[in-house]
Every structure is written in C-alpha cells, then in structure tokens.
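Got the viewer open? Load the model shown here and keep the selection tool handy; we'll go stop by stop.

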Amino acid sequence: MDETSSARLNMVESQVRTADVTDLRIQDAMRRIPREKLLPSDRAYLAYADTEPEYAPGRRLLRPRDVAKLIQLALPADGETALAIAAPYAAMLLEACGVSVTRFDDASLARPPQGPFDLLVSEGAVARIPDSWLEVLSLGGRAVIVERQGPTGRAVVYVKTGEGVGRRTGFDSAPAFLPGLEPQTGFVF
C-alpha cells in the first residue's frame with residue numbers, strides 16, 4: 001500500500017467511521033478517490049487531514065467527516081441526478097454511489113442551473129438556503145447543506161414534497177461560508 005492509499009484508509013478509519021458514517025458505498029469511495037487531486041499541489045498534503053483545505057479562492061473542501069455525513073444524509077440512490085454546488089469532492093462521492101452529477105462552481109452560486117435534480121449538495125455553509133436552490137429540486141428531491149448564523153452551524157436536509165418543502169436537522173458543523181451567501185448584517189431597531 002502506497003503512502004496516499006494509507007492516508008485515505010487512515011482518514012476513513014479515524015475520521016469517517018468513528019463519526020457514524022455506516023454507508024459502505026461512501027466509505028469505499030473515500031478509500032479510492034484521490035482527494036489530493038482537487039487541491040493545488042502546494043496544499044495536497046492537507047487532503048486527508050481533519051481540516052477544510054482551500055481548493056480555489058474562496059472555496060474549501062469540507063472536512064472528510066462532514067462531507068461523508070452530508071452524503072449519508074442525502075440517501076443517494078443509483079440512477080438519481082444531483083447538483084453539486086461548490087462541492088467537487090461530494091460530487092465524486094455521489095458519482096461513486098451511481099448518481100449522475102452536474103457540477104456548479106460559478107461566481108454567482110445563488111443562480112443554479114435548471115433542474116430538476118433529485119439531490120443538491122454544497123461543501124460550503126450558507127446563512128439560509130437560497131430559494132433558487134430549492135426550486136431546482138424534483139418532487140421528492142433532497143438538498144443537504146450546512147446553515148450557519150454564528151460560529152457553528154447545522155447540517156440540514158430539505159425535502160421537496162407535493163405540499164411544500166420539509167426541513168430536518170442533522171449534525172453540527174462549521175464550514176466556511178460560500179462567498180455571497182454569508183449572513184447579512186445590518187442595523188435593527
């Protein structure tokens with residue numbers, strides 16, 4: 001086993017499995033996918049650490065634990081479609097689960113491509129999920145994101161039904177905000 005394969009295995013055993021990620025498809029994908037290829041060469045050594053390395057200006061990969069838990073919350077099924085918003089590693093994990101993924105990493109993340117998509121995932125935090133993200137979900141579609149107002153946020157699953165959109169929370173997380181989707185500050189009486 002080479003050094004990189006060993007680092008991937010260690011990441012899964014020490015950061016993912018210990019965080020109650022029980023979906024074997026996700027664990028197996030994380031053991032195979034070269035996360036370091038998503039990072040600039042001078043940051044590749046951070047690929048398997050318990051950190052959020054920057055892969056592009058203003059864009060970070062989620063900690064391995066958090067991205068694995070988000071994907072598990074999404075309940076991906078073979079043959080589904082997904083929109084990965086500023087989420088290159090999550091996109092690769094979903095593809096390994098048999099999901100057809102559209103990657104979206106443009107400057108204006110609040111305006112996603114037209115759906116419908118069965119899943120939506122993002123590797124950055126938002127203050128509140130944009131309505132435009134929920135609009136591209138198919139009936140029964142799920143969006144998994146981290147919403148934050150302060151130093152800590154919560155993973156959230158939104159499910160689109162015929163009656164509207166349901167919301168349930170998952171685990172605590174505190175990833176960096178996606179640019180333009182931070183909490184709005186202002187003066188309030």
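Start by selecting strand β3, residues 81-85: four of its five residues are buried, so colour this one as mostly covered under the 20% relative accessible area cut-off. Keep in mind throughout that you are looking at a predicted model.

**Around β3**

Leave β3 on and add strand β4, residues 100-104. The two pair in the parallel sense, over five bridges. For a spot to zoom in on, pick A84 and look across to its bridge partner in β4, R103. Now show helix α4, residues 88-96, as well: β3, α4 and β4 together make a right-handed β-α-β unit.

Which strand does β3 join through four bridges? That is β5, residues 117-126, and it runs parallel to β3. Click on L83 and you will find L120 of β5 standing opposite.

**On to β6 and β7**

From β5, step to β6. Six bridges join these two strands, again in the parallel sense. Select L119 to see one of the pairings: its bridge partner in β6 is R142. Strand β6 covers residues 137-148 and is mostly covered, with 10 of its 12 residues buried.

Next, bring up β7, residues 153-161. How does β7 run relative to β6, parallel or antiparallel? Antiparallel, with seven bridges joining the two. A hairpin of four residues makes the connection between β6 and β7. Put labels on I145 and V156, since V156 in β7 is the bridge partner of I145.

**A helix with one buried face**

Hide the strands for a moment and select helix α2, residues 24-32. Its buried residues are I26, Q27, A29 and M30. Turn the view until you look down the axis of α2: the buried residues fall within an arc of 165 degrees, so they line one face of the helix. Spin round to the face turned away from that buried side, and you meet the exposed residues L24 and R32. What covers the buried residues of α2? Switch on α1 (3-16), α3 (64-74) and α4, which are among the elements doing the covering.

**Single residues worth a click**

While α3 is on screen, pick D66, which lies in that helix. Is D66 buried or exposed? It is buried, at a relative accessible area of 1%. Leaving aside neighbours within four places in sequence, D66 is in contact with F171 and S173.

Then go to I129, in the loop between β5 and α5 (131-135). I129 also counts as buried, at 2% relative accessibility. Apart from residues up to four places away in sequence, I129 touches L134, A143, I145, E147 and Y158; you labelled I145 earlier as the partner of V156. Draw a C-alpha to C-alpha distance from I129 to A110 and you should get 9.1 Å, for residues 19 apart in sequence.

Try F177 next, in the segment after β8 (164-173). The C-alpha atom of F177 is 5.7 Å from that of V126, although the two are 51 residues apart along the chain. Not counting residues up to four places away in sequence, F177 touches A125, V126, A127, R148, E182 and P183.

**Last stop**

Finish with Y89. The charged end of R35 sits over the ring of Y89, 4.7 Å from the ring's centre. If you go hunting for aromatic pairs with rings centred within 6.5 Å, the count comes to zero.

Terms used
Residues are numbered from 1 along each chain as its sequence is written. This is a predicted model: local features need pLDDT of at least 70, side-chain atom pairs count only at pLDDT 80 or more; totals for chains, interfaces and linings use all residues. Side-chain values use heavy atoms; hydrogens and water are left out. Buried means under 20% relative accessible area, exposed over 50%, partly exposed in between (1.4 Å probe, protein chains only). Two strands pair if DSSP finds at least two bridges between them. A crossover is right-handed if, with the strands pointing away from the viewer, the path from the first strand over the helix to the second runs clockwise. Rings of Phe, Tyr and Trp (its six-membered ring) pair if their centres lie within 6.5 Å; planes under 30 degrees apart count as stacked, over 60 as edge-to-face and the rest as tilted. A charge sits over a ring if NZ of Lys or CZ of Arg is within 6 Å of the ring centre and within 35 degrees of the ring normal. The arc is that of the directions from the helix axis to the C-beta atoms. Contact means heavy atoms within 4.5 Å.
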